[in-house]
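Work through these exercises with the sequence and the 3D view side by side. Try each task before you read its solution.

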Amino acid sequence: MSSRTLSRWIAAAALSSCSLLSWASDTATMTVTATVVGVCKLVSVPTLDFGTLNQATAPVVNPPAVNVTYRCTKGTPPGSFKVGTLTSGPFNGVLSNGTDTITYTINWTPPTTAGSGLGSGVTPIDVPLIGSMPGGANYQNVSAGTYTQSVPIEISP
Amino acid sequence: MSQLARIRIAAAIAVAALPLSSAFALDMVATASITGACSLTSVAPMPFGSLDQITGGAVPKTSTAVYACTNGVTPTVSVGGATDGSTGFSGLLAKGTDTIAYTVKWTNPGAATGFSTPVNLTLNGEIPAGAYEDKPAGSYTQTVAVTIAP
């Protein structure tokens, strides 16, 4: 065997071995996480309107209940529901026209219904607020005008 | 020419015909092979954090995979079996039977320049709006295989 022939044989063997080599890859894992925290959100807080008061007869005024509505995280009930700073009624309110005042109360049953989610397609849950205004001297001698009070409503999981 | 002279001449010719050396030479061929290869140095977690159901909306989060490949090799990145970064991987974070959908997309890499030059590959995750607003509270997770192949 000549030297040139032997060289060719070795080179061919080397090339042949290359075709048997595998291509190396590598794999790792990525951990993906997210956390959903239970929350509650007020959807609507209506006006509690006692209407036009009749000072001549001055009856107790019990307007129709109004519904505060809320949504909570699915499976999460409200932990607290406050009217003013109170978690249970009655809330004693005072309407004012800047000069005179008229008292009233709000009662409610603390909501316990767990939410079904906060998506817009989820029907909000009602919390009826029942207002009541004493009659007689409570508003019989006050000046004419519009009486208002803003009462904070708060819900939390 | 005498008989002795003839013998001397013949001997001289015979000596001249012998090879000066008996050495035998062949070339030695040295070879080496470079196998196209890639390695993942690290893949960071992708924590979307606390999802705010009150504000809602899409939640983006990025992660980084660090890899290196043989010079000239254009690697294929696979995330959860998906190999095209433009369409990406669609995953499901799970908490029991509850799930939150998300996607991971990336830019398909070009040719590598060698193992001494690690490459940072950004993995762009997103939980789309509407995917989590109605889900129960808790921790959701998924483990996804990231593979780089030459």
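**Exercise 1. Place A:Ala58 in chain A and decide whether A:Ala58 is buried, exposed or partly exposed.**

Step 1. Find the loop between β2 (40-44) and β3 (66-72) of chain A; A:Ala58 sits there. Helices (H or I, at least four residues) and strands (E, at least two) are DSSP runs, numbered from the N terminus.

Step 2. Know what you are looking at. This is a predicted model, where local features need pLDDT of at least 70, side-chain atom pairs count only at pLDDT 80 or more, and totals for chains, interfaces and linings use all residues. Residues are numbered from 1 along each chain as its sequence is written, while chains are lettered from A and ligands numbered from 1 in the order in which they are written.

Step 3. Check the backbone. A:Ala58 has a phi near 50°, a positive value in a residue other than glycine.

Step 4. Apply the cut-offs. A residue is buried if 20 or more other C-beta atoms (placed from the backbone) lie within 10 Å of its own, exposed if 12 or fewer, and partly exposed in between. A:Ala58 has 17 C-beta neighbours inside 10 Å, so A:Ala58 is partly exposed.

**Exercise 2. Give the strand order of the open five-strand sheet in chain A.**

Step 1. List the elements. Chain A has two helices and eight strands. From the N terminus they run α-β-β-β-β-β-β-β-α-β.

Step 2. Recall the bonding. Strands of a sheet pair through backbone hydrogen bonds, either parallel or antiparallel. Here, two strands pair if DSSP finds at least two bridges between them.

Step 3. Read the order: β2-β3-β7-β6-β5 of chain A, with antiparallel pairing. The edges are β2 and β5 of chain A, and each pairs on one side only.

Step 4. Look at one edge. β2(A) and β3(A) pair in the antiparallel sense over four bridges. A:Leu42 stands opposite A:Tyr70 in β3(A).

**Exercise 3. Describe the hairpin formed by β5(A) and β6(A).**

Step 1. Start before the hairpin. A:Pro90 lies in the loop between β4 (80-83) and β5 of chain A. The peptide bond from A:Gly89 to A:Pro90 is cis, with omega near 5°.

Step 2. Follow the strands. β5 (residues 91-96) and β6 (residues 101-107) of chain A pair in the antiparallel sense over six bridges. The bridge partner of A:Val94 in β6(A) is A:Thr103.

Step 3. Inspect the turn. Four residues lie between the two strands, and A:Gly98 in the turn has a positive phi of about 100°.

**Exercise 4. Which element gives the largest share of the side of chain A that touches chain B?**

Step 1. Count the contacts. Two residues are in contact if their C-beta atoms, placed from the backbone, lie within 7 Å. By that rule, 34 residues of chain A contact 49 residues of chain B.

Step 2. Name the suppliers. α1 (3-18) and β1 (26-36) of chain A each supply at least two residues of this side. The largest share, 11 residues, comes from β1(A).

Step 3. Trace the pairing across the chains. β1(A) pairs with β8 (residues 138-149) of chain B in the antiparallel sense over 11 bridges. In β8(B), B:Ala145 is the bridge partner of A:Thr29.
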